[in-house]
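Hi,

Here is the structure I promised to pass along. Have a look at it first, and my notes follow underneath.

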Amino acid sequence: MTTAAAPLHPAHVLLGASAGAVALPVCDHYAGVEARMRKSLALQAEWAQRDGVCVFDVTLDCEDGAPVGGEAEHAALVVELVRGLDWTAPVPPRVGVRVHPVDHPAFEADVATIVGAVGARLTHLMIPKVESVADVERAAAAVAAAGAPELPLHTLIESPLAVHRAFDIAAHPRVASLSFGLMDFVSAHGGAIPAEAMTLQGQFSHPLVRRAKLDIASAAHAHGKVPSHCVVTEFRDRAAVAAAAQRAAREFGYTRMWSIHPDQIEPIVTALRPPLDEVQRAAEIIERAAAAQWAPIAYQGHLHDRASFRYFWQVLQRAHATGVALPQPVRGLLS
């Protein structure tokens with residue numbers, strides 16, 4: 001008598017070429033002023049308790065947040081804030097820091113102070129104005145010297161040359177994410193791109209900006225990294241934020257987006273959350289596929305095999321990461 005084998009876990013059979021791909025929350029919220037940093041961290045804790053999962057990162061900003069001449073004091077404040085978080089919470093905080101660029105006089109001190117004190121607590125270090133792999137190497141060496149050799153690095157791509165080198169930057173093993181710096185990218189063209197390209201409509205229509213977005217997303221996906229979309233400066237227009245997030249995801253392949261105001265977080269998370277009908281369809285397909293030991297199945301007149309199983313498994317992962325309550329039969333697969 002033979003006993004039926006237990007269904008194989010999808011993580012073991014479906015990832016294929018995507019194995020090892022980085023998974024991050026869909027929203028990266030930036031705050032640099034003390035009051036806003038404290039508010040953002042409190043909001044993250046509140047949402048994590050409500051949803052049972054951390055749906056957005058908080059990145060404490062030293063580059064734009066620190067006043068000129070007050071970089072050391074600002075770095076010390078960041079350390080204080082990170083140390084003061086509740087690290088025993090059921091859903092731990094997810095906190096990163098944007099330091100100054102590698103060629104800025106404050107870069108080394110930022111890393112030594114912050115990473116040296118709380119590097120083990122951080123989810124990532126954002127390195128702005130990365131121009132080359134050499135910049136990544138310099139950042140990685142500084143972070144290692146500060147005692148956190150495995151801390152993931154996120155890179156901010158902000159110039160035409162950096163876009164040209166995006167595939168090489170994404171290939172670096174320490175890089176987990178590539179972000180597009182829209183406003184610096186536009187200004188790097190010396191007036192050749194009009195100011196309208198920094199607006200909601202312009203950033204999706206100007207050919208050079210569109211190409212940069214596509215190149216960055218393609219580079220990130222080629223190496224299993226996360227492409228993070230740029231800011232929307234119309235920060236109080238929730239509909240505009242949601243529209244930008246939807247276009248970034250559906251037309252350009254971005255799976256994460258920056259927030260620069262607390263009002264932007266919810267529209268971004270909602271826009272990047274899979275629709276409930278797609279989640280239900282994905283759950284039914286994965287449940288049937290698991291029962292069939294991942295052999296091909298028929299579902300509503302369509303044939304599905306491991307290629308489409310992989311897609312629907314990723315839908316469930318995104319749903320879980322954005323706080324969607326999954327149907328019971330597949331809920332255990334995400335634990």
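**Salt bridges and one helix**

There are 16 salt bridges in the structure, which is a predicted model, by the way.

The one I'd open up first is E63 with R98, whose side chains meet at 3.1 Å, N to O. E63 sits in the loop between β2 and α3 while R98 is in strand β3, so this pair ties together parts that are 35 residues apart in sequence. Both ends are tucked away: E63 is buried at 12% relative accessible area, and R98 is buried at 6%.

Next up is K129 with E158, where the closest N and O atoms are 3.7 Å apart. K129 belongs to the loop between β4 and α5, and E158 to the loop between β5 and α6, so parts 29 residues apart in sequence get tied together. Here K129 is partly exposed at 33%, whereas E158 is buried at 6%.

These two pairs also turn up in a network of salt bridges that links D61, E63, D64, R98, K129, E158 and D184.

Then there's E266 and R238, with 2.5 Å between the closest N and O atoms. That one joins helix α11 to helix α10, with the two residues 28 apart. E266 is partly exposed at 32%, and so is R238, at 39%.

As for α3, the helix covers residues 71-83 and reaches 19 Å from its first C-alpha to its last, close to the 18 Å expected. Its buried residues include H74, L77 and L81, and the buried set packs against α2, β2, β3 and α4.

Cheers

Technical notes: Residues are numbered from 1 along each chain as its sequence is written. This is a predicted model: local features need pLDDT of at least 70, side-chain atom pairs count only at pLDDT 80 or more; totals for chains, interfaces and linings use all residues. Side-chain values use heavy atoms; hydrogens and water are left out. Helices (H or I, at least four residues) and strands (E, at least two) are DSSP runs, numbered from the N terminus. The expected span of a helix is 1.5 Å times one less than its number of residues. Buried means under 20% relative accessible area, exposed over 50%, partly exposed in between (1.4 Å probe, protein chains only). Contact means heavy atoms within 4.5 Å. A salt bridge is a side-chain nitrogen of Lys or Arg within 4 Å of a carboxyl oxygen of Asp or Glu.
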